[in-house]
Each structure stands twice: as C-alpha cells, then as structure tokens.
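Hi everyone, thanks for coming. I have one structure to show you today, so let me put it up on the screen.

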Amino acid sequence: MSTPDAPWSVAWSGEQSFRLQPSRDFPGMVELDQKHAPGVGRPLFAAVHVTRQRRGMVDLLCHVCGKPTPPQDRYVFPVASGGLVTLHDGSQQYGCNVPPIHYACTAMALEACPHLSRLLERPLKCSADEGRLIHRTDVTPGLEALAATLPAGQEVVFSCYRLYGPEFTRQVVAARNEWDQRARSRRSASR
C-alpha cells in the first residue's frame with residue numbers, strides 16, 4: 001500500500017536492513033530481500049525498495065499504489081523508464097525495470113514526480129504482451145556499499161525487468177519518437 005507521501009515502490013529510511021534468501025521467483029538463485037516497513041522514517045525518493053521493485057515486476061503491481069494492474073489498465077512511461085536492449089541476434093526489444101502503473105495513478109505520478117512533470121510524457125498502454133521476466137545480478141545504484149559486504153563470488157538477484165516483444169517495442173519506439181518531435185518543437189518555439 002502506498003502512503004500519501006510516496007509511491008508504493010519507494011524505499012524508506014526505516015527500511016535500510018537487508019538479508020539474502022533463496023529467490024522465490026528465480027529458482028536456484030539467491031536474492032536480496034529488504035525490510036518491509038513503508039511509512040517508517042522518511043521516503044528515499046532516489047532509492048527503489050528492492051523487494052517491492054521485484055514484486056511489482058513479477059506480479060505486475062502498480063508502481064504508485066501497489067495494487068495489481070489488470071491487462072486493460074496497465075501503463076508505462078516509455079521515455080522516462082526502460083530502454084532498448086540489444087539481443088544476441090542484433091535486434092532490439094524494449095526492456096523496463098519500473099513496475100507498470102494504473103491509468104488513474106498516472107495523473108498522480110505526473111503531478112508528484114519532478115522527473116515526469118518535466119518530461120511532459122504521455123503514458124503508453126501496455127499491450128497484451130506482459131513481457132518476459134529477466135533477473136539482474138548487477139548492483140542496484142545506491143547499494144554498492146552493501147554489495148561489497150556480500151559473500152565473494154555469490155551471484156545475487158538485486159532486481160528484475162520485463163523484456164517486451166517486437167510489437168510492443170514498436171509502440172514504444174513510436175511513442176519515444178513522437179515525444180522527441182514534441183520536445184524539439186517546444187525548444188524551437190521557445191527560441
């Protein structure tokens with residue numbers, strides 16, 4: 001559940017305790033688990049809660065409110081989040097590590113998030129493609145000091161993302177191109 005002060009997936013200062021545990025989503029792997037105490041302390045807007053981030057990605061829970069996003073009400077901000085991932089065959093597909101969001105929650109995100117409010121980005125409805133879940137063992141930014149204390153040679157799941165198929169990737173690329181054209185027009189008009 002989100003609080004009035006912060007989105008559901010943000011970490012709080014009272015949640016800065018971690019442990020390793022067997023991964024429930026990636027069999028045979030070990031994952032970093034973070035204390036769950038939303039609302040305790042102050043929100044750390046630059047830090048995503050590692051466990052809630054994975055739960056949001058795995059269970060398609062809203063980044064803002066933490067509730068399930070049904071296929072007909074699942075959106076992403078394709079300019080602000082994610083990017084194109086180059087595959088072994090040289091093709092590119094859209095990968096996103098930010099949980100989806102309900103359409104009703106997009107208004108709150110656009111108003112409350114300084115980054116989104118500056119971008120003037122439109123949310124993009126996700127297609128029926130839920131994407132393929134990919135685990136990440138590279139260190140999440142801000143957790144470098146913690147990672148240095150983990151057992152040497154231990155591969156640990158810090159986060160995950162969804163890799164979407166070609167059709168949704170085309171929609172994302174089109175949305176990004178449209179945003180880029182609007183941004184160039186705004187810059188030209190302001191000169």
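I'll go through the two sheets, then the helices that pack on them, then an aromatic pair, and finish with the pocket. Please keep in mind throughout that this is a predicted model.

Let's start with the sheet of three strands. It is open, the strand order is β2-β3-β10, and the pairing is mixed. At the edges stand β2, residues 18-22, and β10, residues 156-157; each has a single partner strand, so one side of each is left without a neighbour in the sheet. If you look at β3, residues 30-34, you'll find two bridges joining it to β10, and these two strands run parallel. One residue to click on here is V30, whose bridge partner in β10 is V156. Helix α1 packs on this sheet, where it touches β2, β3 and β10. The direction of α1 makes about 115° with that of β3.

Now over to the sheet of four strands. This one is open as well, with the order β6-β7-β11-β9 and antiparallel pairing. Which strands stand at the edges here? They are β6, residues 83-86, and β9, residues 132-136, and because each has a single partner strand, one side of each is left without a neighbour in the sheet. On average, neighbouring strands of this four-stranded sheet are turned by 40° against each other, ignoring direction. Further in, β7 (residues 92-96) and β11 (residues 159-163) run antiparallel and are joined by two bridges. C96 is the residue to find there, with R162 as its bridge partner in β11.

And here α1 comes back: it packs on this sheet too, touching β7, β9 and β11. The direction of α1 makes about 25° with that of β11, while its angle to β3 in the other sheet is about 115°. Helix α5, residues 166-189, lies across β6 and β7, and it runs at about 80° to β7.

Next, the aromatic rings. The model has four aromatic pairs. One of them is Y75 with Y103, a tilted pair at 5.1 Å centre to centre, with 55° between the planes. Y75 sits in strand β5 and Y103 in helix α2, 28 residues apart, so to speak linking distant parts of the chain.

Finally, the pocket. How much space lies in the largest one? About 1,200 Å³. It is lined by 47 residues, and the closest to its centre are S9, F45, V48, H63 and V98. By type, the lining divides into 31 nonpolar, 13 polar and three charged residues. Several elements supply at least two lining residues each, including β1 (10-12), β5 (75-76), α2 (103-112) and α3 (114-119). Helix α1 (50-59) is also among them. The largest share, four residues, comes from β4.

That's my tour, and I'm happy to rotate the view for anyone who would like another look.

Key: Residues numbered from 1 in each chain as written. Predicted model: local features only at pLDDT ≥ 70, side-chain atom pairs only at ≥ 80, totals over all residues. Heavy atoms only, no water. 1 Å grid on protein atoms, 1.4 Å probe; cavity = no way out; pocket = protein on both sides within 12 Å on 5 of 7 lines; lining within 4 Å. Points joined across faces, edges and corners; volume = space filled by probe spheres on them. Nonpolar A, V, L, I, M, F, W, Y, C, P; charged D, E, K, R; others polar. Pairing = 2+ DSSP bridges. Contact = heavy atoms within 4.5 Å. Axes fitted to C-alpha atoms, helices over the stretch in contact; angles between N-to-C directions. Phe/Tyr/Trp six-rings, centres within 6.5 Å; stacked < 30°, edge-to-face > 60°.
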